[in-house]
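Hi there,

Here is the structure I promised to pass on to you. Have a look at it first, and my notes follow below.

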Amino acid sequence: MGDMSGSAAVIVDDVTGGDSAAGPMGDMSGSAVVMPARQPCPVAAIEALIVSVPAVGNAFAEGSEETLLVKVIDEDGRVGIGESVCTPAVVKAMIDQRTIHFWSQGIKDVVVGADPIEAAALYDRAYHGSFYHGRRGTFIQAYSAVDIALYDLAGRQLGLPVYKLLGGARTERIRPYATCYPGDIYDGPMSAVLDEITRQAAIAADQGLTAVKVPVLFGAEVPDRGIVEFVRTCRSSLGDDLTIALDFGYRWWDWHDAAWALRRIEDFDIAFAEAPLRHDDLAGHARLAAVSPVRVGGAEFAAGRWEVREWLTTGGVSLVQPGVSRAGGFTELMRIADLCELHGAQLIPHSFATGITDVANFHLQAAALTIPMVEFRSSRLGPSRLRTELVHPPEPEIIDGYAALPTGAGLGVELNDELVAAHTLDAASGGSD
């Protein structure tokens, strides 16, 4: 075969059939194609940046709106991006943590020098080297951004969208739903909340969405009968054609009370009930899920597949809602999607962040069998500079309730470097303006 030192090749046999007069090392024309093997371009650096902008009119932020942006840069200067939607200063410190010993390895020490296409293997290596980190929480939250960025970078290197790296498309289109959050007005008249939700739902419908989630966040002063009446009125106001889910914001401490309410909203055609009980009450969720006529969701803040498995087994829910940018990135969310298939459950990933998380969810739904919808933060329902300006395009076109599969390399979005440069906080500021 000659001297092949310093080079690599892949020989693909011609399987078209036919006789060959040549010997095993004879004329190979027409019988094989010699293709150059991929030359890995390793990760050269990781940057963790707290990006903070004034939260003008943003109902989910006070003073400033922030995200933890991660850049993974290869030796040729290509950049993959990811984000973590947890406390930025905390997760930044985790990413910047240096190696102490073999059970306390720094994320950068694991990833720098590695091939980004091996993202899943790198996740496992970093996870098993993080016993001292308290890894079920902040470590996974931080590594989520790194994992997303690794897949983005690998896709850019190969010229492929992330969903192809995850195994290919299982669906031809993506179904997003919008969360209609009216703001912190739940201590006022119920009619005002309903008016604002109705207004936002109309905007969502005009954008092309056919599914919304309604937060039901009233305090204890509103009795459960009032909650049932509110849901009834929501269905009447929003119409029968709109898919409606409810977010109860961990309203109930007792599963009996939650069951009483969920039984009485059955006729209002509710897609799922998110966060009806305290987040950690898995026993209560199991009892509620066993009797509820409405699909019970949970695990919004679960970190990694091991915690989500507890929700599916001990908690007995048929819907889990961990986020790609807080529960382990693409690597763990795909594993969670497989867990859901084994347990007869659905995965609907949480997302109320920037366009990075939203488009990551689109790739997830494309690649996973068990994701029927993904949460989508429509910029038309509430102002957010990070949502509209951090990446381009900020959000996709939605037609008749669906968006097309992402087509660009990697995530398929481009970072606004000028915004990042102008609004990156010094680490010493602690992540607030």
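Let me start with a pocket, bearing in mind that this is a predicted model. The second largest pocket has 18 residues in its lining, and those nearest its centre are Val359, Phe362, Pro393, Pro396 and Pro406. Its volume comes to about 280 Å³. Sorted by class, the lining holds 11 nonpolar residues, along with four polar and three charged ones.

Which element gives the most to this lining? That is α12, with four residues. Both α12 (355–367) and β16 (403–404) supply at least two lining residues each.

Now to the sheet, where α12 will turn up again. Eight strands make up an open sheet, and if you trace them across you will meet them in the order β13-β12-β11-β10-β9-β8-β7-β14. The pairing is parallel. At the edges sit β13 (346–347) and β14 (374–376), each of which pairs on one side only.

As for α12, this helix packs on the sheet, where it touches β7 (176–179) and β14. The direction of α12 makes about 160 degrees with that of β14. So that you can place the helix in both settings: α12 gives four residues to the pocket lining, and α12 also contacts two strands of the sheet, β7 and β14.

If you would like one pair of strands to look at in detail, try β10 (residues 270–274) and β11 (residues 296–298), which pair in the parallel sense over two bridges. Glutamate 274 has glycine 297 of β11 as its bridge partner.

Enjoy exploring!

Best wishes

Methods:
Residues are numbered from 1 along each chain as its sequence is written. This is a predicted model: local features need pLDDT of at least 70, side-chain atom pairs count only at pLDDT 80 or more; totals for chains, interfaces and linings use all residues. Side-chain values use heavy atoms; hydrogens and water are left out. On a 1 Å grid over the protein atoms alone, a cavity is a set of points where a 1.4 Å probe fits but cannot get out, and a pocket is an open set with protein on both sides within 12 Å along at least five of seven lines; lining residues have an atom within 4 Å of a point. Grid points are joined across faces, edges and corners, and a volume is the space filled by probe spheres set on the points. Ala, Val, Leu, Ile, Met, Phe, Trp, Tyr, Cys and Pro count as nonpolar, Asp, Glu, Lys and Arg as charged, and the others, Gly among them, as polar. Two strands pair if DSSP finds at least two bridges between them. Contact means heavy atoms within 4.5 Å. Axes are lines fitted to C-alpha atoms, for helices over the stretch in contact, and angles run from 0 to 180 degrees between N-to-C directions.
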